[in-house]
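Student: I'd like a close look at one helix in this model and at what surrounds it. Could you walk me through that part in one go?

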Amino acid sequence: MQSFLPVLAVVAAYLVGSLSFAVIVSRVMGLSDPRTFGSKNPGATNVLRSGSKAAAVITLLLDAAKGWLPVFLVGIYGPQYGLRDGTLAMVGLAAFLGHLYPVFFRFVGGKGVATALGVLLGVSGWLGLATLLIWVLMALGFRYSSLASLTAAVLAPVVYVLAGDTFWIKNTSVTVGITVMALFLLYRHAENINRLIKGTESKLGKKATPAAAVPDHGAHRGHPHHRPGSSAEHTGKH
C-alpha cells in the first residue's frame with residue numbers, strides 16, 4: 001500500500017490544483033466569467049480587470065494556497081510515510097499543472113503564477129518570499145504583471161540553486177520541478193511576450209470591459225455604452 005502513496009499524493013495534488021478559483025470566486029460574487037473578457041485568462045490579474053479588487057485578492061490567495069497546501073503537507077507528514085523530496089517535487093508540479101490544465105474545467109486553465117508561488121512557499125518560505133519580492137519590484141517598476149511574472153519565473157530556480165544549503169536544503173528533484181514550472185510559465189506567457197515586444201501589453205490596474213457589457217450590433221457606434229431598450233432615452237441626442 002505504501003508504494004501507492006506517492007501516486008495518490010500526486011493525483012490528489014492535481015485535483016486540488018484543478019480548482020479554478022478565478023471562475024469559482026467570480027461566480028460566487030456575481031461577476032462575469034474571467035474567461036470571457038480581458039486576456040480571457042482565469043487568474044487573479046484578469047479578475048482584477050472586472051473591477052473587483054476583493055475578488056482578485058481572494059482568487060490570488062486561493063490559487064496560491066492550492067499550490068502551497070499539498071507541498072506543505074508532504075513536507076511535514078510525508079517522511080513518516082516514505083514520501084521524500086522526489087514526491088514533494090512531483091506533488092508541487094502536479095498542483096501547478098492542475099491549474100494550467102484543470103480536469104474540472106475542460107483542461108482550460110490559467111497561467112499558474114499564483115499557484116507556482118504557492119508551491120515555492122511550500123518548498124521554503126524564504127524561497128517564496130524572495131520570488132514574491134522579485135515580482136513586486138518588477139511590477140512596481142514597470143507596471144506589467146506579465147513581465148514581473150516572467151522575471152520571477154526565470155529567477156526562481158536560479159535563486160533556489162544559488163541560495164541552496166544556506167536558507168534551505170537544496171535537492172535535485174526540487175530543482176528539476178521548479179525549473180519545469182519556470183519553462184511552463186514561459187510557454188504560457190508566449191502571447192504576453194509578443195505583446196511586450198510590440199508594446200501592446202496591458203498594464204496593471206487597467207480595467208477591461210466584461211463581455212456582458214459589450215454593446216450589441218444594434219447599438220449606435222457613437223455611443224459605446226448604449227444598451228438595448230435605451231434608444232428612447234437618447235432620442236434627439238445623437
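Tutor: Happy to; here is a walk from the whole chain to helix α6, and from there to its neighbours.

Please keep in mind throughout that this is a predicted model. The protein chain has 10 helices and zero strands. Of its 238 residues, 41% count as buried. Among the contacts with a sequence separation of 6 or more, 62% join residues 24 or more positions apart.

Now to helix α6, which spans residues 113–123 and is mostly covered, with eight of its 11 residues buried. The buried ones are Ala-114, Thr-115, Ala-116, Leu-117, Gly-118, Val-119, Leu-120 and Gly-122. What do they pack against? Their partners are α4 (53–77), α5 (85–100), α7 (125–142), α8 and α9 (172–188).

Let us take α9 as the partner to examine in detail. Two packed helices are described by the angle between their axes and the distance between the axes. For α6 and α9, the angle is about 165° and the axes are 11 Å apart. Angles over 145 degrees count as roughly antiparallel, and therefore α6 is roughly antiparallel to α9. On the α6 side, the residues making this contact are Val-113, Ala-116, Val-119, Leu-120 and Val-123, while α9 brings Val-174, Ile-178, Met-181 and Leu-185. Sorted by class, that contact has nine nonpolar residues, no polar ones and no charged ones. As for handedness, α6 passes α9 in a left-handed crossing. An α-helix has 3.6 residues a turn, so residues three or four places apart point the same way. That is a handy thought to keep while you read the two contact lists.

Several of these names return when we turn to the nonpolar cores. In soluble globular proteins, nonpolar side chains tend to be buried together. Here the largest nonpolar core has 26 residues, and those with the most contacts inside it are Phe-96, Leu-120, Leu-127, Tyr-160, Val-174, Ile-178 and Met-181. At least two residues of this core come from each of α1 (5–17), α4, α5, α6, α8 and α9. Which helix supplies the largest share? That is α5, with eight residues. Tyr-160 is worth a stop of its own: leaving out residues up to four places away in sequence, Tyr-160 touches Val-123, Leu-127, Trp-168, Ile-169, Lys-170, Asn-171, Val-174, Thr-175 and Ile-178. There is also a second, separate core of six residues, which includes Ala-22, Val-47, Ala-55 and Ala-56.

Val-123 leads us on to α4. Phe-72 lies in helix α4, and although Phe-72 and Val-123 are 51 residues apart in sequence, their C-alpha atoms are 7.2 Å apart in space. Is Phe-72 buried, exposed or partly exposed? Its relative accessibility is 32%, so Phe-72 counts as partly exposed.

Next comes α8, another of the partners of the buried residues of α6. Helix α8 (residues 145–162) also meets helix α10 (residues 190–198): their axes come within 10 Å and cross at roughly 120°. The angle makes α8 oblique to α10. Ser-146, Leu-147 and Leu-150 of α8 form this contact with Asn-192, Ile-193 and Leu-196 of α10. By class, it has four nonpolar, two polar and no charged residues, whereas the contact of α6 with α9 has no polar ones. Here, too, the crossing of α8 past α10 is left-handed.

Ser-145 lies in helix α8 as well. With a relative accessibility of 11%, Ser-145 falls under the 20% cut-off and so counts as buried. Setting aside its neighbours within four places in sequence, Ser-145 is in contact with Thr-45, Trp-135 and Leu-204.

Finally, two loop residues deserve a glance at their backbone angles. Phe-107 lies in the loop between α5 and α6, and has a positive phi of about 65° although it is not a glycine. Asp-165, in the loop between α8 and α9, likewise has a positive phi, of about 70°, without being a glycine. With a relative accessible area of 57%, Asp-165 is exposed.

Methods
Residues numbered from 1 in each chain as written. Predicted model: local features only at pLDDT ≥ 70, side-chain atom pairs only at ≥ 80, totals over all residues. Heavy atoms only, no water. Axes fitted to C-alpha atoms, helices over the stretch in contact; angles between N-to-C directions. Helix = DSSP H or I, 4+ residues; strand = E, 2+ residues; numbered from the N terminus. Parallel < 35°, antiparallel > 145°, perpendicular 65-115°, else oblique. Left-handed = near helix turned anticlockwise from the far one by under 90°. Contact = heavy atoms within 4.5 Å. Nonpolar A, V, L, I, M, F, W, Y, C, P; charged D, E, K, R; others polar. Buried < 20%, exposed > 50% of the residue type's maximum accessible area, 1.4 Å probe, protein only. Core = buried A, V, L, I, M, F, W, Y, C linked by side-chain atoms within 4.5 Å.
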